Amino acid sequence: MAGAHSPSWFETRRQHLDPVGLPRDLLCNAAQVNAVEKHFSPLLKNPAVRDAMVRDEVPIPATDDREGYFDDRHLSYWLSGYEDMQVIRQMIPDSALSRVLDFGGASGRFARHVILADRAASVTIAELNVNHVAWVDQHFGPSVRAVKVSPYPYCPVADNSMTLCVGMSVFTHIDSYETGWLAEIHRVLDEGGYAFLTIHSEHTWGVLDEHTGVRRTLANCPSFASAWERGKPMPAERMVFTYNEDSIEHNCNVFAHTDYIRRCWGKWFDIVEIAPGAHHGFQTVVVLRKRTKMRLAAAG
């Protein structure tokens, strides 16, 4: 058939593994509690956190069914999503959490916390990996749905239908189609809607020495090896380091200076806030807001 291609890794269906259990089960597992990272530990003493874990009826995916996040530290996986939710609620009005587009949301690490916070909320996960889409369809109720997307900028949801777009560790891997995806997020957000996006900024560049994961990924990329030097500033406004030339899916790490973000992303949205290190002390958070027609008319 004309135009057919061999399925990529993200398009190849495979059988899911059994979930590891419900979140509340992990509270009774000493090995899981002891494996929790130090900065997550205070959450375990928070009554609101424990209440949310008891109420959460969605099982925890097996490690292979959640993009490998947190290896076998299943309790940390759940807590990381809770922590992200708290950061977002500090930077975004709660009213924006009613209709959420979880861009690159995998198998619902963050989405589960949206519906735990508000039973009336809904989440649409837009995800490259068809297996994550299938997992969400199988294990979440009707308030969380998922759709398979491609690297090309199109998300099959209606214009002006979302109040918030969350994209964590997504634009860190988008090169050529960056502005196309910004335009698509702009299309699906309602007037006054927000976007919470994370990037690798000049701040991230400056703390790479403390976070070996990204450096390990880029270790075999000659352009990175020649560009990065401990203690030296990012040498260009926007830098792309490709580690898989044979794919256009999740094949690179992108670094963008906040001056670039203000100039280029500011053409599409009001930039509400740029917060270096706000995402797990590493990535920079960019909070955007779609301009209303009234504001556009005033600007014109």
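**The largest pocket and strand β1**

Modeller: In this predicted model, helix α9 gives the largest share of the lining of the largest pocket, namely 3 residues.

Colleague: What makes a residue part of that lining, and which residues lie nearest the centre of the largest pocket?

Modeller: A residue counts as lining if it has an atom within 4 Å of a point of the pocket, and 49 residues line this one, with Tyr 69, Ser 169, His 173, His 250 and Gln 283 nearest its centre. The volume of the largest pocket is about 1700 Å³, and β1 (99–103), β2 (122–127), α9 (212–217) and β7 (252–256) each supply at least two residues of its lining.

Colleague: How many residues of the lining are nonpolar, polar and charged?

Modeller: The lining has 21 nonpolar, 20 polar and 8 charged residues.

Colleague: Why is β1 called mostly covered?

Modeller: A residue is buried when its relative accessible area is under 20%, and 4 of the 5 residues of β1 are buried, so the strand is described as mostly covered.

Colleague: How do you know that β1 pairs with β2 and with β4?

Modeller: Pairing requires at least two bridges between two strands; 5 bridges join β1 to β2 and 3 join β1 to β4 (residues 162–167), so both count as pairs, and in both the strands run parallel. Leu 101 stands opposite Thr 124 in β2, while the bridge partner of Val 100 in β4 is Leu 164.

Definitions and conventions: Residues are numbered from 1 along each chain as its sequence is written. This is a predicted model: local features need pLDDT of at least 70, side-chain atom pairs count only at pLDDT 80 or more; totals for chains, interfaces and linings use all residues. Side-chain values use heavy atoms; hydrogens and water are left out. On a 1 Å grid over the protein atoms alone, a cavity is a set of points where a 1.4 Å probe fits but cannot get out, and a pocket is an open set with protein on both sides within 12 Å along at least five of seven lines; lining residues have an atom within 4 Å of a point. Grid points are joined across faces, edges and corners, and a volume is the space filled by probe spheres set on the points. Ala, Val, Leu, Ile, Met, Phe, Trp, Tyr, Cys and Pro count as nonpolar, Asp, Glu, Lys and Arg as charged, and the others, Gly among them, as polar. Buried means under 20% relative accessible area, exposed over 50%, partly exposed in between (1.4 Å probe, protein chains only).
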